[in-house]
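The exercises below invite you to read one protein model slowly, with the sequence beside it. Try each task yourself before turning to the worked solution that follows.

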Amino acid sequence: MQGKNKVSILMGIYNCADTLSDAIDSIIKQTYANWELILCDDGSQDDTYQVASKYKEKYPDKIVLLKIKKNIRLAATLNHCAKYATGKYIARMDGDDLSLPDRFEKQVDFLDKHPEYALIGTYMKAFDEKGEKNIIPIKEIPVKTDLPKFNPFHHATIMMKREVFEALEGYRVSKLTTRAEDVDLWFRFFANGYKGYNIAEPLYLVREDVATFNRRTFKHSLEASRVLVHGIKSLKLPLQYYVFAIKPIVSQITPIWLKRKFRKKYG
């Protein structure tokens, strides 16, 4: 299926040489063919750029490959990718995950048929070296009051109207939003009156192992709490919502087995 509306996929890649081929292959195998993949190597120390280069050589009309010598983190890398986007829709994808073949087809179809929505996400399914695991659900139609309680969209699954992404000026690049750039974006998304939807189907496979839960440091949790406080204030929510600002800190000290149990049930 070619489709009239192009999808620009933003993928910041960093030290993912072992998983990148599978991630890119999952895009190449999409049933929706009108896409461009914009890859930006964010100062990788392994062979990530070399792996990406082979795909660029094979698919020169479909893949844009960028390289940054010094690591600038995800928000800035994605903004850099977005400068090269030409599609009507902006989609996300990570270099160690997989998109199911009909992901883009279903997301484009939804946005084409429902112009009142600016963004479409999906459920995810976790996987590791042993195979696929649990489905990670998410609320079908999130609203602004959900934001302090839980993430309204699985970041890597989203597809957004490019005009909306540009109106929001992309991701905020700040030390305070490190590893919380998506949450900051959602606060601004809802503050500007946009609506999003989640397809109740796992169209995205997210790699989830022990390292996944160990990446967030206590410093990152403090920064995420600040993002929540700032966001709650920007949405002018009642005082009781500020209690949820400690959630990232609580998560940091929660045992991994309990985090997995909670994520399996609540997303």
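**Exercise 1. Salt bridges between strands**

Counting a side-chain nitrogen of Lys or Arg within 4 Å of a carboxyl oxygen of Asp or Glu, how many salt bridges does the count come to? Then examine the pair D41 and K67.

Solution. Bear in mind from the start that this is a predicted model. By the rule just given, the count comes to twelve salt bridges. One of them joins D41 to K67, with 3.4 Å between the closest N and O atoms. The next step is to place the two partners: D41 belongs to strand β2 (residues 35-42) and K67 to strand β3 (residues 63-68), so the salt bridge ties together parts that are 26 residues apart in sequence. The last step concerns exposure, where buried means under 20% relative accessible area and partly exposed means between that value and 50%. D41 has a relative accessibility of 0% and therefore counts as buried, whereas K67, at 46%, is partly exposed.

**Exercise 2. Two arginines and one aspartate**

Find the salt bridges that join D184 to R172 and to R188, and describe where each partner lies.

Solution. Begin with R172, whose side chain meets that of D184 in a salt bridge of 3.0 Å, N to O. This pair links distant parts of the chain, since R172 lies in the loop between α5 (162-167) and α6 (181-191) while D184 lies in helix α6, twelve residues apart. Turning to R188, its side chain also meets that of D184 in a salt bridge, again with 3.0 Å from N to O. R188 and D184 are four residues apart in helix α6, and therefore about one helical turn separates them. For exposure, R172 has a relative accessibility of 33% and so counts as partly exposed; D184, at 5%, counts as buried, and R188 is buried with a relative accessible area of 16%.

Now widen the view to the helix: ten of the eleven residues of α6 are buried, among them W186, F187, F189 and F190. Just after α6, G193 takes a positive phi of about 85 degrees.

**Exercise 3. A covered strand and its partner**

How many of the residues of β2 are buried, and in which sense does β1 run beside β2?

Solution. Taking the cover first, eight of the eight residues of β2 are buried. Both faces have to be checked: W35, L37, L39 and D41 lie on one side, E36, I38, C40 and D42 lie on the other, and all of these are buried. For the pairing, strand β1 (residues 7-13) and β2 run parallel and are joined by seven bridges. Within this arrangement, I13 stands opposite D41 in β2, and D41 is the residue that forms the salt bridge with K67.

A further residue of β1 to look for is S8, which has 0% relative accessibility and therefore counts as buried. The C-alpha atoms of S8 and I90 are separated by 4.9 Å, although the two residues are 82 residues apart along the chain.

**Exercise 4. The buried side of a helix**

Which residues of α1 are buried, and how far does the helix reach from its first C-alpha to its last?

Solution. Helix α1 covers residues 17-28, twelve residues in number, and reaches 17 Å between its first and last C-alpha, close to the 16 Å expected at 1.5 Å a residue. Its buried residues are A17, T19, L20, A23, I24, S26 and I27. Because these buried residues cover an arc of only 155 degrees around the axis, they are placed on the same side of α1.

**Exercise 5. A hairpin and a surface patch**

How many residues lie between β6 and β7 in their hairpin, and which residues form a nonpolar patch on the surface?

Solution. Strand β6 (residues 119-128) pairs with strand β7 (residues 131-136) in the antiparallel sense, over four bridges. Two residues lie between β6 and β7 in the hairpin that they form, and M124 stands opposite I136 in β7. The patch, in turn, is formed by V243, I246 and V250, which together have about 260 Å² of accessible area. To locate V243, search the loop between α8 (218-234) and α9 (247-252).

Key
Residues numbered from 1 in each chain as written. Predicted model: local features only at pLDDT ≥ 70, side-chain atom pairs only at ≥ 80, totals over all residues. Heavy atoms only, no water. Pairing = 2+ DSSP bridges. Patch = residues over 30% accessible without salt bridge, like charges linked within 9 Å, V, L, I, M, F, W, Y side chains within 5 Å. Areas by Shrake-Rupley, 256 points an atom, 1.4 Å probe, with all protein chains shown as cover. Expected span 1.5 Å × (residues − 1). Buried < 20%, exposed > 50% of the residue type's maximum accessible area, 1.4 Å probe, protein only. Arc of directions from axis to C-beta.
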